[in-house]
Protein chains: 2
Amino acid sequence: MKDESKKKLIVGFQGVPGSFGEEALLAYFGDSVCTKALDTFEDIFKKLIGQEIDFGVLPIENSSTGAITEVYDLLNQYDCSIIGEVCLPIQHHLMGIRGASIADIREVYSHPQGFEQSSKFLKQYPNWKLIPYYNTAKSAEWVQKNNQKHMGAIASEKAAKLYNLQILAFGINSNQHNTTRFIIISREQYMDEESDKISIVLSTPHRAGSLYRALRHFAENQINMLKIESRPIPDKPWEYFFYIDFEGNLNHPPVQKAIQSMRKDSTYFKILGNYKKTV
Amino acid sequence: MKDESKKKLIVGFQGVPGSFGEEALLAYFGDSVCTKALDTFEDIFKKLIGQEIDFGVLPIENSSTGAITEVYDLLNQYDCSIIGEVCLPIQHHLMGIRGASIADIREVYSHPQGFEQSSKFLKQYPNWKLIPYYNTAKSAEWVQKNNQKHMGAIASEKAAKLYNLQILAFGINSNQHNTTRFIIISREQYMDEESDKISIVLSTPHRAGSLYRALRHFAENQINMLKIESRPIPDKPWEYFFYIDFEGNLNHPPVQKAIQSMRKDSTYFKILGNYKKTV
């Protein structure tokens, strides 16, 4: 996949230049693809379906704050396929305009995840007003535009460079192992013999023991379940879609057997992709 | 619990008067308790531990948007016990100052959940600037304070009354079954023979099949698992705490047997509470 005429590929990410999404995109595809910054996660799915982009890159999970639930919901809603994943260490920095110092800061802009991932640092400054913004890089851009010493942003080093801001505090994320896992999506399913991770979504009948009955097919076929995530079914209060990642390749007989049995035990079943795992 | 000298009880909720948290509190305890509005979810745990309040009321899950993950993390972090739950239908309304009409609105304030739960309605007005705010009731208060016709808030009917705002669009939540489940927490464990729902949190060894091995004790003891939620373990990327709700009473032998076996299969195990289920 990575070697096929990269130059013509257009790959979408959410945010503005300097976003972590763009970094993940470049880490996966290299820098010879065309990158396209889009406003929302849903825009990535729409532009992909509309053939305006060839692939999309989306954050799915952060090691400190958990699932990006909107992306889970969109994966179920749109018919796209996960073809790969990439993990990106996330370092947050506090930045301000040139000449500003940390004592000048009175209000800080960032994506809510930026605040959440830097919560321990921010507790030292209880008087700062924290203003949620579209994404980390956009908040750096906003601080540059306003050109006020009392305004700070929490964003990446790349964003600081791009928007000519000065880093006032380095690596302020509470967890030094802070990593975000991104997925790569495509219109068509793509897999090969190296694909060793499968993502599915299913729902089970609303009665006692039905989730357990579906999950038991993993154990019976010696398949290792990696992750399970619950999301509500909007029109059915307290019923859930279960998003499950497990090890395997769709061409292997035990995997095929488990999937066949799980389909029977589910009221809804969809394969989201089979790709190479990085964690 | 509900009948013991209610008048002296102080119960905390997050938000300001008119918040959904306050409504849930009154639905559970009735209106003869003292209510205490607190700034953050964590404040509720802190004031409870510090004996400044007797009980706390916290949203744990919305039927449209899913888990309130911060509350899950806090339940694990603090030693408090879930003693009950209450479900509150959530109706969101768009409101503005007296004399404003929907055509005047240019910016709208609400909690991000208010925007998310009203997303279909908001898509009709792509030019409105959506500004995330602390909570729905506080955004109503903010619109009242500013007294500008172009400012709107998404909040409850009670908040509209309290802050003397006019409802410009009724029931704008995308899902008409929109319900939030709230939990009641206490310093001490409290349960009786009517308690029929148990919440636990556990983590399992980081190796193949370990989650399945822990869950199988439910099936083996004919226990109905109601919900499973994964949350990251901050210092161990891609390892999880599993929050599990299941039916049962801690005094029943099959439940005791299942818990004993699950403890053995877990690297971490904590009972969060045993209480009466409402859904």
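A residue counts as buried here if 20 or more other C-beta atoms lie within 10 Å of its own, and as exposed if 12 or fewer do. With that in hand, helix 6 of chain B is a good way into this predicted model.

**Helix 6 of chain B**

The residues of helix 6 of chain B that are buried are T136(B), A137(B), K138(B), S139(B), A140(B), E141(B), V143(B) and Q144(B). That is eight of the 11 residues in the run 136–146, so the helix is largely enclosed by the rest of the structure. What do the buried residues of helix 6 of chain B pack against? Three of the partners are helices of chain B, namely helix 1 (20–29), helix 4 (112–117) and helix 7 (157–162). The others are strand 6 (93–96), strand 7 (107–110) and strand 9 (151–155), again of chain B. Just after the helix comes N147(B), with a positive phi near 55°.

**Chain A as a whole**

Now over to chain A. Its secondary structure comes to nine helices and 15 strands. Laid along the principal axes, the C-alpha atoms of chain A take up a box of roughly 65 × 45 × 30 Å. The radius of gyration of chain A is 21 Å, which agrees with the value near 19 Å for a compact globule of 279 residues. Of those 279 residues in chain A, 44% count as buried. Sequence-distant pairs figure heavily too: among contacts in chain A with a separation of 6 or more, 75% join residues 24 or more positions apart.

Chain A splits into three pieces: domain 1 (9–90 + 178–186), domain 2 (93–169) and domain 3 (198–271). Between the C-alpha centres of domain 1 of chain A and domain 2 of chain A there are 24 Å. Where these two domains meet, domain 1 of chain A puts in 12 residues and domain 2 of chain A puts in 14 residues. On the domain 1 side, the contact residues are four nonpolar, seven polar and one charged.

**Where the two chains meet**

The contact between the chains involves 28 residues of chain A and 28 residues of chain B. On the chain A side, helix 8 (210–220), strand 13 (225–233) and strand 14 (236–247) each supply at least two residues. Which element of chain A gives the most to this side? That would be strand 13 of chain A, with seven residues. By class, the chain A side has 14 nonpolar, 10 polar and four charged residues.

How do the two copies relate? A turn of 180° and a shift of 0.0 Å along the axis lay chain A on chain B with an RMSD of 0.0 Å. That is what a two-fold axis does. Both copies use the same surface, with 100% of the contact residues of chain A recurring in chain B.

**The nonpolar core**

In soluble globular proteins, nonpolar side chains tend to be buried together. Here the largest nonpolar core has 94 residues, and the members that touch the most others are V57(A), L58(A), I185(A), V57(B), L58(B) and I185(B). Take V57(A): setting aside neighbours within four places in sequence, V57(A) is in contact with V11(A), F13(A), G21(A), A24(A), L25(A), Y28(A), F182(A) and I184(A).

**E23(A), a buried glutamate**

E23(A) sits in helix 1 (residues 20–29) of chain A. Is E23(A) buried or exposed? E23(A) has 24 C-beta neighbours inside 10 Å, so it counts as buried. Beyond its neighbours within four places in sequence, E23(A) is in contact with L88(A) and K158(A). V71(A) is 48 residues from E23(A) along the chain, and their C-alpha atoms are 18 Å apart.

**Positive phi in the loops**

Two residues of chain A other than glycine with a positive phi are set side by side below.

| Residue | Phi | Loop in chain A | Other C-beta atoms within 10 Å |
|---|---|---|---|
| Q51(A) | near 65° | between helix 2 (41–49) and strand 3 (55–62) | 9, exposed |
| N147(A) | near 55° | between helix 6 (136–146) and strand 9 (151–155) | 10, exposed |

Why does Q51(A) count as exposed? Q51(A) has 9 other C-beta atoms within 10 Å, and the cut-off for exposed is 12 or fewer. N147(A), with 10 other C-beta atoms within 10 Å, is exposed as well.

Note on methods
Residues are numbered from 1 along each chain as its sequence is written. Chains are lettered from A and ligands numbered from 1 in the order in which they are written. This is a predicted model: local features need pLDDT of at least 70, side-chain atom pairs count only at pLDDT 80 or more; totals for chains, interfaces and linings use all residues. Domain bounds come from an automatic or database domain assignment. Two residues are in contact if their C-beta atoms, placed from the backbone, lie within 7 Å. Ala, Val, Leu, Ile, Met, Phe, Trp, Tyr, Cys and Pro count as nonpolar, Asp, Glu, Lys and Arg as charged, and the others, Gly among them, as polar. Helices (H or I, at least four residues) and strands (E, at least two) are DSSP runs, numbered from the N terminus. The radius of gyration is taken over C-alpha atoms; the globule rule is 2.2 Å times the number of residues to the power 0.38. Copies are superposed by least squares on the C-alpha atoms of residues with pLDDT of at least 70 in both. A nonpolar core is a set of buried Ala, Val, Leu, Ile, Met, Phe, Trp, Tyr and Cys residues joined through C-beta atoms within 7 Å.
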